[in-house]
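Here is a small set of exercises to work through with the structure open beside you. Try each task on your own before you read its solution.

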Amino acid sequence: MKLAVIGTGYVGLVTGACLAETGHDVTCADIDADKINQLRKGIIPIYEPGLEEIFAANVTKKRLHFTTDVGEAIRGALIVMIAVGTPPRPDKSADMSAVFAVADIVAKNLNGYKIIVDKSTVPVGTADRIREIIAESTTEEFDVVSNPEFLKEGDAVNDFLKPDRIIIGVNSERAEKLMKELYAAFVRTGHPVIVMDVRSAELTKYAANGFLATKISFMNEMANLCEKVGADITAVRFGIGSDKRIGQYFLFPGVGYGGSCFPKDIKAIITTAQEYDSPLQILEAVDRVNSVQRMKIVEKVVKHYGDDLSGKTFALWGLAFKARTDDMREAASIYTIEDLSARGATFQAYDPKAMDEARKVFGDRIKYFEDGYEALSGADALLILTEWSEFREPDFDLVKRRLKEPVVFDGRNLYEPARMRDSGFTYYSVGRA
Ligand code: NAD
């Protein structure tokens with residue numbers, strides 16, 4: 001099939017490359033000319049494990065093309081996938097301007113039947129609005145489908161190629177049939193294509209992210225309670241996770257959830273619910289708990305050193321919002337650095353993949369190191385903010401020698417508290433004595 005994917009960010013690029021991988025002819029379009037130029041030169045502007053290989057293979061096979069001419073991409077395609085950003089607005093609702101701008105361009109370039117597929121995370125009712133926008137300008141036939149994306153950064157290619165499920169919100173048999181054909185190669189092993197009405201599909205995405213964020217905030221609150229009552233959140237996690245109704249996944253306490261999805265999606269669905277006079281009280285609490293949790297590591301630093309941190313230097317291991325990505329959006333490192341630097345602290349940071357993105361956020365306000373151990377030299381303490389695998393088994397003797405004092409604030413529970421104590425570290429983690 002001939003496909004256009006509009007927006008070549010984390011979702012659009014992975015979607016385009018993975019669909020090309022199954023033989024479809026995909027044109028990826030973006031208004032960001034720099035991005036398209038890079039992609040045409042074979043440079044992938046994001047870090048996503050496994051993407052480089054399928055990107056290169058499908059460019060070589062001439063199944064994956066890039067353009068800034070969004071209209072041309074639309075005219076050449078049977079299925080047009082919208083994968084542009086829906087960032088938060090100041091009032092916390094989703095900014096839909098990019099999605100509706102694409103709908104406008106679709107309207108002007110509809111040269112025959114097409115399916116417009118919304119992969120962006122969008123408030124309920126968006127597909128209806130897209131349909132109205134297009135219908136105002138054309139008499140051509142078209143369908144609008146909601147096909148929310150569930151990939152997670154760091155494992156996006158794998159998630160796309162082997163999805164737990166594919167959700168298709170559709171109100172036309174013709175579109176349903178074509179959408180099932182589009183995804184046929186991805187569900188051969190039995191993972192379901194779940195077909196539903198459009199509004200339910202739109203809400204499913206927010207409900208999924210809402211539930212996952214709830215698990216995180218729940219565990220963070222339990223971890224905080226563990227610290228007060230002298231319990232160990234790791235034991236509690238195993239204890240509850242072995243109940244099949246609960247499960248072991250997504251029960252890790254830490255520095256609060258971040259990234260480009262959970263914070264904005266939780267706020268957006270809360271806003272939608274308020275508009276419909278049906279408040280989501282649990283998610284309102286989840287959002288509040290997360291704001292508090294982000295600052296817990298700062299609280300521990302301040303409790304250890306006092307309020308005035310002038311003259312203190314902290315080594316940071318990890319800047320990205322989570323491991324296996326370079327994405328800095330809503331990363332815990334941002335909140336931590338802002339708060340501690342307002343108290344006078346300075347920073348020496350290392351992240352395996354997010355240094356370029358971090359430079360865009362912090363500029364030269366922090367020092368960057370190409371090696372984790374070098375970032376430790378002369379620092380007063382180490383703060384761990386991202387759970388990169390390479391931080392899990394460091395040379396603790398070297399860590400101790402490089403730091404001024406052996407103090408570690410671990411926002412990701414990477415180490416055993418007893419082992420750290422025995423090695424002479426003052427060790428702070430989350431929800432453990
Ligand atoms: P992103 O910011 O990485 O990419 C968005 C891209 O869209 C950018 O390259 C931008 O230049 C382009 N764009 C903006 N306006 C455009 C226009 N009018 N025409 C063409 N291109 C335009 O965003 P993302 O992380 O890929 O997220 C895209 C959507 O997918 C969002 O709604 C997000 O909530 C959702 N989503 C993201 C993830 C994730 O892990 N990142 C997962 C599932 C769903």
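The exercises below concern a predicted model, and each one comes with a worked solution.

**Exercise 1. The ligand shell**

Find out how many residues surround the ligand, and which are the closest.

*Solution.*
Step 1. Select residues with a heavy atom within 4 Å of the ligand. The selection holds 26 residues, and the closest are Asp30, Lys35, Thr86, Glu153 and Lys264.
Step 2. Sort the shell by class: there are 10 nonpolar residues, while eight are polar and eight are charged.
Step 3. Look for polar atoms facing the oxygen atoms of the ligand. Thr86 places a polar side-chain atom 2.6 Å from a ligand oxygen. Val11 has a polar backbone atom 2.9 Å from an oxygen atom of the ligand. For Thr121, a backbone N or O atom is found 2.9 Å from an oxygen of the ligand.
Step 4. Turn to the area: taken on its own, the ligand has 840 Å² of accessible area, and the protein covers 88% of this.
Step 5. Assign the shell to elements. Helix H1 (10–21) and helix H5 (97–108) are the elements that contribute two or more residues.

**Exercise 2. A salt bridge between two loops**

Locate the partners Asp155 and Arg324, and work out where in the chain each one sits.

*Solution.*
Step 1. Check the distance. The closest N and O atoms of Asp155 and Arg324 are 3.8 Å apart, and the cut-off for a salt bridge is within 4 Å, so the pair qualifies.
Step 2. Place the partners. Asp155 belongs to the loop between strand S6 (142–146) and helix H7 (156–161), and Arg324 to the loop between strand S9 (313–317) and helix H14 (332–342). The pair links distant parts of the chain, 169 residues apart.
Step 3. Classify the exposure. Asp155 counts as partly exposed because its relative accessibility is 26%. Arg324 is also partly exposed, at 40%.
Step 4. Recall the general idea: side chains of opposite charge can pair when their charged atoms come close. In total, the structure holds 28 salt bridges.

**Exercise 3. Two further pairs and a network**

Is Asp327 buried or exposed? Answer this, then examine its partner and another pair.

*Solution.*
Step 1. Asp327 is buried, because its relative accessibility is 3% and the limit for buried is under 20%.
Step 2. Its salt-bridge partner is Arg329, with the closest N and O atoms 3.1 Å apart. Arg329 is partly exposed, at 42% relative accessibility.
Step 3. Next, take Glu393 and Arg419, a salt bridge whose closest N and O atoms are 3.5 Å apart. Glu393 lies in the loop between strand S12 (381–384) and helix H17 (396–402), and Arg419 lies in helix H18 (residues 417–422). The partners are 26 residues apart, and the pair links distant parts of the chain.
Step 4. Glu393 counts as exposed because its relative accessibility is 59%, whereas Arg419 is partly exposed at 39%.
Step 5. Finally, pick out Asp128, Arg131 and Arg199, which are joined in a network of salt bridges.

**Exercise 4. Buried residues**

Which side chain makes a polar contact of 2.5 Å with the side chain of Asn109, and which one does so with that of Asn147?

*Solution.*
Step 1. Asn109 sits in the loop between H5 and strand S5 (114–118). Asn109 counts as buried because its relative accessible area is 12%.
Step 2. The side-chain partner of Asn109 is Arg75, in a polar contact of 2.5 Å.
Step 3. Asn147 is in the loop between S6 and H7 and is buried, at 1% relative accessibility. Its side chain makes a polar contact of 2.5 Å with that of Tyr183.
Step 4. Add Tyr427, found in strand S14 (residues 426–428) and buried at 13% relative accessibility. The C-alpha atoms of Tyr427 and Val408 are 5.0 Å apart, with their positions 19 residues apart in sequence numbering.

**Exercise 5. A nonpolar surface patch**

Find the nonpolar patch that includes Leu225, and say which residues form it.

*Solution.*
Step 1. Leu225 is located in helix H9 (residues 198–229). Leu225 is partly exposed because its relative accessibility is 45%.
Step 2. The patch on the surface consists of Phe218, Met222, Leu225 and Val229.
Step 3. Together, these residues have about 370 Å² of accessible area.

Note on methods:
Residues are numbered from 1 along each chain as its sequence is written. This is a predicted model: local features need pLDDT of at least 70, side-chain atom pairs count only at pLDDT 80 or more; totals for chains, interfaces and linings use all residues. Side-chain values use heavy atoms; hydrogens and water are left out. Patches are made of residues with over 30% relative accessible area and no salt bridge: like charges are joined within 9 Å, nonpolar side chains (Val, Leu, Ile, Met, Phe, Trp, Tyr) within 5 Å. Accessible areas come from the Shrake-Rupley method with a 1.4 Å probe; for residues, only the protein chains shown count as cover. A salt bridge is a side-chain nitrogen of Lys or Arg within 4 Å of a carboxyl oxygen of Asp or Glu. Helices (H or I, at least four residues) and strands (E, at least two) are DSSP runs, numbered from the N terminus. Buried means under 20% relative accessible area, exposed over 50%, partly exposed in between (1.4 Å probe, protein chains only). A polar contact is a pair of N or O atoms within 3.5 Å; within protein, one must be able to donate a hydrogen and the other to accept it, and residues adjacent in sequence count only if both atoms are side-chain atoms. Ala, Val, Leu, Ile, Met, Phe, Trp, Tyr, Cys and Pro count as nonpolar, Asp, Glu, Lys and Arg as charged, and the others, Gly among them, as polar.
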